[in-house]
Amino acid sequence: MSGLVVAIDGPSGSGKSSVARGVAVALGLAYLDTGAMYRAATLWCLTQGTPLTDRHAVAEQVRALPLEIDLDPAAPAVRVAGEDVSVAIRATEISSAVSAVATNLEARAELGRRQRTVIEDESTGGWSGGRGVVAEGRDITTAIAPDADVRVLLTASEAARLSRRAKELHGSDDEAAVAATRDQVVRRDADDATVVEFQVAADGVVTVDSSDLNLEQTVAAVLDVVAQVAPR
Ligand SMILES: Nc1ncnc2c1ncn2[C@@H]1O[C@H](COP(=O)(O)OP(=O)(O)O)[C@@H](O)[C@H]1O
Ligand SMILES: Nc1ccn([C@H]2C[C@H](O)[C@@H](COP(=O)(O)OP(=O)(O)O)O2)c(=O)n1
């Protein structure tokens with residue numbers, strides 16, 4: 001029997017990363033943060049001096065990207081050329097620039113190919129020993145793993161998502177903090193939505209709205225979906 005594949009998509013700040021990690025820990029599965037791959041690719045292009053507007057040059061850099069990603073949900077480190085970039089890829093500069101890579105279809109093809117390989121490896125062996133993987137991003141339920149055992153669209157109201165991101169980045173969700181966060185959440189999602197549909201659930205994808213749930217309740221809600229859709 002092959003491992004369990006749980007695919008989670010959703011907009012920025014809906015809780016994908018924290019919820020996917022919680023679900024992976026609870027089920028003993030690997031965790032794949034595909035957004036971290038787009039962020040690492042962006043950092044790599046910037047450090048190599050490749051203009052993000054040069055689509056072919058970016059795609060070439062992404063094909064050469066020396067990326068390692070740890071799949072342990074308790075310590076999901078990201079390395080580029082052997083250097084730990086887990087913190088650097090969360091910088092505002094990267095958050096502001098990443099959509100240029102995410103809307104580059106040649107770069108998407110390369111990162112998508114790597115993501116499918118990880119998901120396939122984890123269903124039969126890999127870090128999880130074949131237990132499976134929770135993969136999260138924008139196109140996992142639709143493009144990368146449309147055959148996943150469990151497919152979830154994690155949503156939350158724009159206000160909830162802005163408030164969470166503002167608290168995370170500025171320690172407060174007052175008006176100034178929310179205004180300073182808007183570009184990273186609303187503008188970036190609008191740009192990303194030009195190439196990927198992650199606002200509306202595709203057929204067979206279960207929507208979980210986390211607007212009125214805390215983190216623990218959201219993890220429990222997704223675990224309920226797993227238990228219903230793929231009982232083991
Ligand atoms: N259900 C929730 N309720 C409250 N805060 C949450 C919830 N889910 C996530 N968070 C917090 O919101 C922030 C953004 O979550 P994150 O997992 O990074 O979202 P995403 O990966 O979708 O951008 C984090 O600080 C996280 O702890
Ligand atoms: N499978 C994916 C994952 C991320 N992306 C894009 C969307 C985002 O702008 C960046 C970074 O993703 P990340 O999940 O880190 O972003 P958020 O935490 O949701 O704000 O990459 C994508 O296009 N496809």
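Here are some questions and answers about this predicted model. Residues are numbered from 1 along each chain as its sequence is written, while chains are lettered from A and ligands numbered from 1 in the order in which they are written. Local features need pLDDT of at least 70 and side-chain atom pairs count only at pLDDT 80 or more, whereas totals for chains, interfaces and linings use all residues.

Q: Which helix gives the most residues to the shell around ligand 1?
A: Happily, the candidates are few: helices H1 (16–27), H7 (158–170) and H9 (215–229) each give two or more residues to this shell. Helices here are DSSP runs of H or I with at least four residues, and strands are runs of E with at least two, numbered from the N terminus. With four residues, the top contributor is H1.

Q: How many charged residues are in the shell around ligand 1?
A: A residue is near a molecule if its C-beta atom, placed from the backbone, lies within 6 Å of it, and 17 residues surround ligand 1, including Lys 16 and Arg 164. Asp, Glu, Lys and Arg count as charged; Ala, Val, Leu, Ile, Met, Phe, Trp, Tyr, Cys and Pro as nonpolar; the others, Gly among them, as polar. The shell has three nonpolar and ten polar residues, and its charged residues number four.

Q: Which helix gives the most to the shell around ligand 2?
A: Among the closest of the 17 residues here are Ser 12, Gly 35 and Tyr 38. H1, H2 (34–47), H4 (92–102) and H8 (175–192) each supply at least two residues. The one giving the most, four residues, is H2.

Q: How do H3 and H5 run, roughly parallel or roughly antiparallel?
A: Helix H3 (residues 55–63) and helix H5 (residues 105–124) have axes 8 Å apart, at an angle of about 10°. Axes are lines fitted to C-alpha atoms, for helices over the stretch in contact, and angles run from 0 to 180 degrees between N-to-C directions. Angles under 35 degrees count as roughly parallel, over 145 as roughly antiparallel, 65 to 115 as roughly perpendicular and the rest as oblique. That makes H3, relative to H5, roughly parallel.

Q: Which strands stand at the edges of the five-stranded sheet?
A: This open sheet has the order E2-E6-E1-E7-E8, with parallel pairing; two strands pair if DSSP finds at least two bridges between them. An edge strand has a single partner, so one side of it is left without a neighbour in the sheet; the two edge strands are E2 (30–33) and E8 (206–209).
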